[in-house]
Amino acid sequence: MKPTYQLSRDELLTNVDVTQGLSAEQAADILQKNGPNALSEGKKKSVLSVFLGQFADLLVIILIVAAIVSMLSGNVESTIVIFAVILMNAVLGTVQYVKAEKSLESLKALSSPRAKVLRDGVKQEIPSSEVVEGDLLLLEAGDMIAADGRIVECASLQVNESSLTGESTNVDKADTEISADVPLGDRINMVYSGTLVTYGRAVVLVTATGMNTEMGHIADLMNATKEKKTPLQVSLDGFSKKLAFGIMAICALVFVLRLWQGYGQEGILLDSLMFAVALAVAAIPEALSSIVTIVQAMGTRKMAEDNAIMKELKAVESLGCVSVICSDKTGTLTQNKMTVQDIYADGRCMNPENMTRNSPAQSLLLYTAVLDNDASVDGDKTVGDPTEACLVTMAQRASVGDVEELRRQHPRLSELPFDSDRKLMSCQCEIQGKRIMMTKGAPDVLLARCTSIAMGDTVRPINDTDRAAIMAQNDAFSENGLRVLCFACKEHEKALTAEDEQALMFLGLVSMVDPPRPESIGAVADAISAGIKPIMITGDHKVTAKAIAQQIGICTEDGIAVTGPQLDAMSDEELDEQLEQIAVYARVSPENKIRIVDAWQRKGHIVAMTGDGVNDAPALKKADIGVAMGITGTEVSKDAASMILSDDNFATIIKAVEGGRNVYRNIINAIQFLLSGNLAAIFVVLICTFATLPTPFAPVHLLFINLLTDSLPALAIGMEPSDRTLLKKKPRPANEGIFTKKFTVSLLAYGVLIAAVTMTAFLMGYRTDAATASTMAFATLTLARLFHGFNCRSERSMASVGIRTNLWSIGAFAAGVLLLAAVLFLPFLHGVFEVAAIGAQQVLTVFLLAFAPTALVQLVRMVRELKKDVKNS
């Protein structure tokens, strides 16, 4: 059987109706038979391998050793509890992995590309995954091709096939027949999935979908990409290793000291070993890894709800460091809904509602706006380029009637599609018995090709005064940030060629605006307040771009706007010198975008870059945070990005920055909570060692604290809601580690305070006996850490934050207290958790001692805030 590209047109179109396409029923049957038009993914980890992987951690191995030591010592209860805790941790990690995988699948669905097809004779826009073999795919400039196919109709189609062939130049396509065997790059009558239409239009018969496409053949290579660890993960892994080795060293020292202190005593070896085990368990933050994962997962879910889809966890962390946002204008800062503002025709300005069909100039302008236009009407929606769609809306506002009916009455006889070299688009239709060539395009280009002008009922030669008045009006429109199209026509009998776009009759100008999103102004102000410099990068004209940038606050009156050619003329030194002052880059190339990102990165900034096209992909990869558009973005740009905006909105980036800062802050606070409590336990164990006192805690005590009463408050801290103060702080340095000076000082202070009250409780209980001492120390440490959870929610006092702003923390505290009460007051648990019965007075002592550190911390914070308020007033 011959390859598809070698089939004759008759062979190709057997049983194909090019005017109707597939019916809905046929498409559904083929979809069910062949499956969705999607690439299969690489082999995923099984649930079992994920579960077993949870044990491949040095700290977990230390815990397993501790459990074995407990078992050898005959302490079965402790052994069961330790193994139960390790198992629970592994199950928790596995469940989170599975949930993350499911979330990723749902996020992929949110960002799926779309395709235009002809079905049942109607142009439809459907998810590309629903495209099937036999569909008629309708392509136009800017479309990402959804499947492999053979060209049936073609109008100057050019395709960028660099994703398949590596060749960056566009390929001219044609609906021709090829009989010879030719390589993929020379099959000019075929188009391929994943490539980009850069010019022209075409109708394509889909011949392969999913893994049967050329892109499917290389999908296995794409699936082989390995996941990278995030900076926080790397930092935590390093911390875990250092902690593990430090624990082993201290445990060895404590073990030797206990042996030396009790030399000659019966059972001293086992006693010393158990003491060392207790210290190991005290030092290891068993739930840390799971808590960090859960907090990040919760943060990414919240961001997804706010329309920011995080493809990579590292993007969450990096967001908190972003100091420069390079944003596209169209659709991100603006609404991407071009709206006609004013029409200049018959020598005056008017709005669409005031246009009249009695004026030949205005009537022909409306005909041109509708007929020389590729946008289509689908019910209440217009499908196609936003500029062309707004011209259709303008004609409807001017009461031209049914647009599609007008096109059926005046079908195109010939056409010249728009291209960036001519900056014009022309078509030929028959109107009132005459063949009319209608042209629209850039005012400066089209006006130069006009030799006459329509004014009311008359047509006369155009003169210099006319040209000056038209260009003055064009400049006035442009200075107000409006985009302007010029319209012209002439009688022309023959099929069109580019040489025919001369000797035209000027009809008028149409000014359009893509208005700023209402929320953009506030979002830009928030970005500046957060120490982030917003920059506009656009392919639009410099005057238009600067006008919009001034409206939304990116550019001041004396701010600098630079064009792509001006940027090309600058040396790196000149760019570095002016970089901080340039707020707008207009008419830029992909290479310009990369250079802008690189210049800011050289200055040590973390850069976020938005983009939606294939040509944006290099800059998105170069940026620290690549941000793709979920609605208008091509699949290539989404693949290159680390974050996708499902609403294409600049304000969403600022929300995501706030969310990223909040996730990082909550993780750091949770880590501080876990480590300060563990540090307190280590201090108590070391003091007892050097003071030759009995073991203050059994291993099961510390496991109970670390995994039950500590995990819940740590998770609650991770749920702390964002607040506006986060956007009033400067971005944190990218190389800032967890253990900053401020973090370390706070950690030591909290650790010492909790250790002091725990040691006090131990000594008071020791007056009775060692078992009571251990129980009071355990109860005080547990309750003190539960209270300490409120300290770690924020750097501010609870009076300022509001205790009810995070109900999870109240729930975690209550659950922890109930668990502690069960251990202390239910006799059948005394043996399992190695506690002694204590009286009401001892319980009151435990409560007062446990509350003391939190009361002191809150008091200091309130005094500090009061002083600050007095100073500000």
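This passage looks at how aromatic rings pair with one another, and with charged side chains, in a predicted model.

The ring-pairing criterion yields 8 aromatic pairs. One of them joins Phe704 and Phe778, whose ring centres are 5.6 Å apart; the planes meet at 70°, so this pair is edge-to-face, given that angles over 60 degrees are assigned to that class. The contact links distant parts of the chain, as Phe704 belongs to helix H26 (residues 699–709) and Phe778 to helix H29 (residues 770–791), with the two positions 74 residues apart in numbering. Phe704 and Phe778 are both buried.

Helix H29 also contributes Phe787 to a pair with Phe851 of helix H33 (residues 840–872), and the contact therefore ties together parts that are 64 residues apart in sequence. Here the ring centres lie 5.1 Å apart and the planes are again at 70°, so Phe787 and Phe851 are edge-to-face too. Burial is where these two partners part ways: Phe787 has a relative accessible area of 9% and is buried, whereas Phe851, at 37%, is partly exposed. The pair does not stand alone, since Phe787 and Phe851 form one aromatic cluster together with Phe790, Phe813 and Phe847.

Charged groups meet aromatic rings as well. The charged end of Arg732 is placed over the Tyr664 ring, 3.5 Å from the ring centre. Arg357, for its part, lies over the face of Tyr367, with 5.7 Å to the centre of that ring.

Terms used. Residues numbered from 1 in each chain as written. Predicted model: local features only at pLDDT ≥ 70, side-chain atom pairs only at ≥ 80, totals over all residues. Heavy atoms only, no water. Phe/Tyr/Trp six-rings, centres within 6.5 Å; stacked < 30°, edge-to-face > 60°. Helix = DSSP H or I, 4+ residues; strand = E, 2+ residues; numbered from the N terminus. Buried < 20%, exposed > 50% of the residue type's maximum accessible area, 1.4 Å probe, protein only. Lys NZ or Arg CZ within 6 Å of the ring centre and 35° of its normal.
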